[in-house]
Structure formats: C-alpha cells, structure tokens
Amino acid sequence: MLKEERFSKIIELVNEKGSVKTTEISEVLDTSLATVRRDLNELHALNKIVKVFGGASSIKNAQFISTEDDLDYKFTINTKEKDLIGKFAASLISENDFVYLDAGTSVEAIIDYISADYTYYVTNSLATGKKLSLIGKKVFIVPGEFKKGTGALIGASTCDYLDNFNFSIGFFGTNGIHEQVGFTTPDINEAMVKSKAISRCRKVYFLADSSKFGKVSKVTFSNDPNLEIITNVKNDGKDEIVIRKLKEGL
C-alpha cells in the first residue's frame, strides 16, 4: 500500500472513531507497527491527526496551541477564575495529607487558602516552594533543570527523585484539555515530570479554568478519562466551581 493511501485510511479511521490504538491501525491496514508509528509521526507533524501514547486521536474541534505564554503574563489572565479554583482545591486538602503541587499559576493559587494543619508538600516550582515556606509549611523542592518560562524544575533527575514519594493528593496544571487527546503541555520534559508525579499520587486533580477546554498542545501527559478537573462554569452570569471528568464529555 502506498504511503498516501495509508495516510488517507489512517485519517479516515481516526476521524470515524475519535481515537484509535496503533495496534488496531496496524491490523486494519495490514502494515507493521513500525510503519504505522512513522506514519503517525508524519501525520501529527502535518496537523492531520494528534499522536498520543499508544495511538492517535482526531483533531476535530481541537484548537492547537503552538506557543506558550511566559509566567508573568499567565499571572495577569483569568485571575478571578484561578482564585476561585484555588480556593476550592485548598478545601480538599486534609490534615496529615502529603501533597504534590505542580508548577503553574492555577496551582499556586491554592496556597492562599490552605487551612489544614500538619500537611507536607513536594513541588517542582521554586515560587510555590517559597510561598509554602512563608506560611510555615514543610516543603521539599525537587531537583532538576530550571525552566524560566514556567518556573518549573524538569528533567530525568526530577522524575527519579519523585519515585521516592507516595502522595495522598496532587494538584496539576495543564495547557490544554481535549476529550480525545487528554491533558497536554508544550514541553516533553515537563510532560514527563507531570506523568511521573501523577503516577505517585493516590488522588489527582487538574486545575484549569474554562479557557483550557478544547485546546491541544504538543505533548499529551495523561489521557486517563477518570481523572478529575476542577474548573469554572457560568451560572446566571456568575462563576461556579465544579468537578468534571474527561469521560463525561467536555
């Protein structure tokens, strides 16, 4: 089968089903897994499909994010929504919880509302670590390479360090949320840290204002349909905080 024909069939299959595993594409096209993976990489680069771990998803109704705003700018947008989301998230932290806080402005908004005593924290954000220390919380900051744009510590050493911990609860930021593609970020190294930290948490929450929905960035770091999202919805013109899941539809 010629490459152009494979491309056409893959796009048709992905758009029809929403998301398809690499093994299924291989069986349908009677083509090797190695060939399918190369095709998916090319189609992803052409913005025809979205390559995710183990397969591909449709780009229908997805808004692609090709760049990332710097941290200073992020602090100026959707501030009211982030504050409400942070306040709600803080209420989920209980006494003696061992908490992971991801880097990002939405997660950092939690700190002003923490009321639970005897809580302990690990974060990959220097700014978050400093703020936690200033309110008297026990905090560990992971090692790694400092990423100026997001204020995050990332890399292989960060992932290795996180293997030491078992968190009771974790809060994460994301650049985009899409029903088929999942939770995405522009940086593969930051994605690796997020994925590793998620795997070490008993309970996981994503903090995302409503502007993040329907958007897709370069790297999917989780597409678990059961993970919960704390977000805002408009109700009679006012923001209401709710918890949603990918599997419930966005």
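Which residues in α2 meet which residues in α3? On the α2 side they are T22, T23, I25 and S26, and their counterparts in α3 are L33, V36, R37 and L40, where contact means heavy atoms within 4.5 Å. Sorted by class, the contact of α2 with α3 has 4 nonpolar, 3 polar and 1 charged residues. Here Ala, Val, Leu, Ile, Met, Phe, Trp, Tyr, Cys and Pro count as nonpolar, Asp, Glu, Lys and Arg as charged, and the others, Gly among them, as polar.

Before going on, a word on what you're looking at. This is a predicted model, in which local features need pLDDT of at least 70 and side-chain atom pairs count only at pLDDT 80 or more, while totals for chains, interfaces and linings use all residues. Residues are numbered from 1 along each chain as its sequence is written, and side-chain values use heavy atoms, with hydrogens and water left out. Helices (H or I, at least four residues) and strands (E, at least two) are DSSP runs, numbered from the N terminus.

Back to the helices. Helix α2 covers residues 22–29 and helix α3 residues 33–45; their axes come within 9 Å and cross at roughly 110°. Axes are lines fitted to C-alpha atoms, for helices over the stretch in contact, and angles run from 0 to 180 degrees between N-to-C directions. That angle is why α2 and α3 are roughly perpendicular to each other (65 to 115 degrees; under 35 counts as roughly parallel, over 145 as roughly antiparallel and the rest as oblique). The crossing of α2 past α3 is right-handed, meaning the near helix is turned clockwise from the far one by less than a right angle, with anticlockwise giving left-handed.

Helix α3 also packs against helix α1 (residues 3–17), at an angle of about 75° and with the axes 11 Å apart. That makes α1 roughly perpendicular to α3 as well. From α1, residues K3, R6, F7, I10 and I11 meet T35, D39, L40, E42 and L43 in α3. This contact has 5 nonpolar, 1 polar and 4 charged residues. Notice L40, which turns up in the contact with α2 and again in the one with α1.

Now for the sheets. Strands of a sheet pair through backbone hydrogen bonds, either parallel or antiparallel. Two strands pair if DSSP finds at least two bridges between them. One open sheet has 7 strands in the order β7-β6-β5-β10-β13-β16-β17, with mixed pairing. At its edges stand β7 (138–141) and β17 (238–245), each with a single partner strand, so one side of each has no neighbour in the sheet. From one strand to the next, the twist averages 25°.

Follow the order through β13 (204–207). β13 pairs with β10 in the parallel sense over 3 bridges, and F172 has F206 in β13 as its bridge partner. On the other pairing, β13 and β16 are also parallel, over 3 bridges, with L207 opposite I230 in β16. Then the sense switches: β16 (residues 228–235) and β17 pair antiparallel over 8 bridges, and the bridge partner of E228 in β17 is K245.

In a regular strand the side chains alternate between the two faces of the sheet. In β13, V204 and F206 point one way and Y205 and L207 the other, and all are buried (under 20% relative accessible area; exposed is over 50% and partly exposed in between, with a 1.4 Å probe and protein chains only).

Two helices lie across this sheet. α5 lies across β10, β13, β16 and β17, running at about 55° to β17. α9 lies across β5, β10 and β13, at about 155° to β10.

Helix α9 (residues 188–199) also lies across β12 and β15, at about 10° to β15. Those strands belong to an open sheet of 3 strands, ordered β11-β12-β15 with antiparallel pairing. β11 (176–178) and β15 (219–222) are its edges, each with a single partner strand, so one side of each is left without a neighbour. Neighbouring strands here are turned by 40° against each other on average, direction ignored. β12 (residues 182–185) and β15 pair over 3 bridges, with V219 in β15 as the bridge partner of T185.

Last, two backbone oddities. Most residues other than glycine have a negative phi. N96 has a positive phi of about 75° although it is not a glycine; N96 sits in the loop between α5 (79–90) and β5 (98–101) and counts as exposed at 53% relative accessibility. Y118, likewise not a glycine, has a positive phi of about 55°. Y118 is in the loop between α6 (105–108) and β6 (120–123) and is exposed, at 54%.
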